Amino acid sequence: MKRGLLLGLVLGFMLSTVDLPTAWAQDDGATLLDQRCSVCHSSDRPKSKKKTPEEWNATVTRMIGKGAKLSPDEKQVLIDYLSKTYKP
Ligand code: HEC
C-alpha cells in the first residue's frame, strides 16, 4: 500500500516535470541570480549589465572560477536567464 503510493508519487513527479513550477524541479534563473550571485557583491552588479549570451557565459564561468557555487545545469539555467533578461 505504502509502496504503491510512493511509486505513484515518483511516477507522477517524473511525468509532470515538464509543467512543474520551475522552483520545484530546480531553482529558476532569477532565484539562482539572487542567491548565488549576491555572495561576494550584490546581485545588482550583474543586473546593471547588458551582455550577449557569449559574454554572460564568460562572466558566469569567471565567477565560478572565483568561487560562485553553481552546478553545470544551474549554470546553464542562469546563463539562459541572464541572456534573456539582461541583453544589449
Ligand atoms: C566568489 C565571489 C563571487 C561570486 C560568488 C560572484 N562574483 Fe561576480 N564578481 C566577483 C568579484 C571579485 C568581481 C570584481 C572583479 C572582477 O570583475 O573580476 C565581480 C564582478 C562581477 C561583475 C562585473 C564585471 C563584469 O564582468 O561585468 C559581474 C557582471 C558579476 N560579477 C556577475 C556575477 C554573477 C552573474 C554571479 C553569479 C553566478 C557572480 N558574479 C558571483 C566575485 C564574485
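Buried here means a relative accessible area under 20%, and at 4% Ile79 clears that bar, so it counts as buried. Keep that cut-off in mind for what follows, and keep in mind too that this is a predicted model. The protein is built from 6 helices and 0 strands, and of its 88 residues, 22% count as buried. Below is a quick tour of the fold, the iron site, the helices H5 and H6, and a few residues worth a look.

**Overall fold**

- Reading from the N terminus, the elements go α-α-α-α-α-α.
- Among contacts with a separation of 6 or more, 56% are between residues 24 or more positions apart.

**The iron site**

- His41 (NE2) and Met63 (SD) coordinate the iron atom of the ligand, at 1.9 to 2.2 Å.
- His41 sits in the loop between helix H3 (29-36) and helix H4 (44-47), while Met63 belongs to helix H5, so the pair ties together parts that are 22 residues apart in sequence.
- The iron atom of the ligand has 6 donor atoms, with angles of 85 to 180 degrees among them, and its site is octahedral.
- For reference, the ideal angles for six octahedral donors are 90 or 180 degrees.
- His41 has a relative accessible area of 23%, so it is partly exposed.
- Met63 also comes out as partly exposed, at 23% relative accessibility.

**The loop beside the site**

- Cys40 is another resident of the loop between H3 and H4.
- With 73% relative accessibility, Cys40 counts as exposed.
- Cys40 and Gly67 are 27 residues apart in sequence, yet their C-alpha atoms are 9.2 Å apart in space.
- Gly67 itself follows H5 and has a positive phi, near 135 degrees.

**Helix H5**

- H5 has 14 residues and spans 20 Å from its first C-alpha to its last, close to the 20 Å expected at 1.5 Å a residue.
- Its buried residues are Trp56, Thr59 and Val60.
- Looking down the axis of H5, the buried residues fall within an arc of 95 degrees, so they line one face of the helix.
- As background, an α-helix has 3.6 residues a turn, so residues three or four places apart point the same way.
- The buried residues of H5 pack against H4 and H6.
- Turned away from that buried side is a face of H5 carrying the exposed residues Glu54, Arg62 and Gly65.

**Thr59, a polar residue on the buried side**

- Thr59 lies in helix H5, which covers residues 53-66.
- Thr59 has a relative accessible area of 15%, which means it is buried.
- The side chain of Thr59 makes a polar contact of 3.3 Å with the side chain of Lys51.

**Helix H6**

- H6 runs over residues 72-85, which makes 14 residues, and it reaches 20 Å from its first C-alpha to its last, close to the 20 Å expected at 1.5 Å a residue.
- Glu74, Leu78, Ile79, Leu82 and Ser83 are buried in H6.
- Down the axis of H6, these buried residues fall within an arc of 160 degrees, so they line one face of the helix.
- H3 and H5 are included in what covers the buried residues of H6.
- Asp73 and Lys84 are exposed, on the other side of H6.

**Two buried residues of H6**

- Ile79 is part of helix H6, and its contacts beyond neighbours within four places in sequence are Pro53, Trp56, Asn57 and Val60.
- Ile79 and Trp56 are 23 residues apart in sequence, but 6.1 Å apart in space from C-alpha to C-alpha.
- Trp56 and Val60 turn up again here: both are buried residues of H5, and both are in contact with Ile79.
- Glu74 is found in helix H6 as well, and it is buried, with a relative accessible area of 15%.
- Not counting residues up to four places away in sequence, Glu74 touches Gln26, Leu32, Arg36 and Lys69.

How values were computed. Residues are numbered from 1 along each chain as its sequence is written. This is a predicted model: local features need pLDDT of at least 70, side-chain atom pairs count only at pLDDT 80 or more; totals for chains, interfaces and linings use all residues. Side-chain values use heavy atoms; hydrogens and water are left out. Helices (H or I, at least four residues) and strands (E, at least two) are DSSP runs, numbered from the N terminus. Buried means under 20% relative accessible area, exposed over 50%, partly exposed in between (1.4 Å probe, protein chains only). A polar contact is a pair of N or O atoms within 3.5 Å; within protein, one must be able to donate a hydrogen and the other to accept it, and residues adjacent in sequence count only if both atoms are side-chain atoms. Donors are N, O and S atoms within 2.8 Å of the metal (3.2 Å for Na, K and Ca); water is not among the atoms, so sites may look incomplete. Four donors count as tetrahedral if all angles lie between 85 and 135 degrees; four count as square planar and six as octahedral if opposite donors are over 155 degrees apart and all others between 65 and 115; anything else is irregular. The expected span of a helix is 1.5 Å times one less than its number of residues. The arc is that of the directions from the helix axis to the C-beta atoms. Contact means heavy atoms within 4.5 Å.
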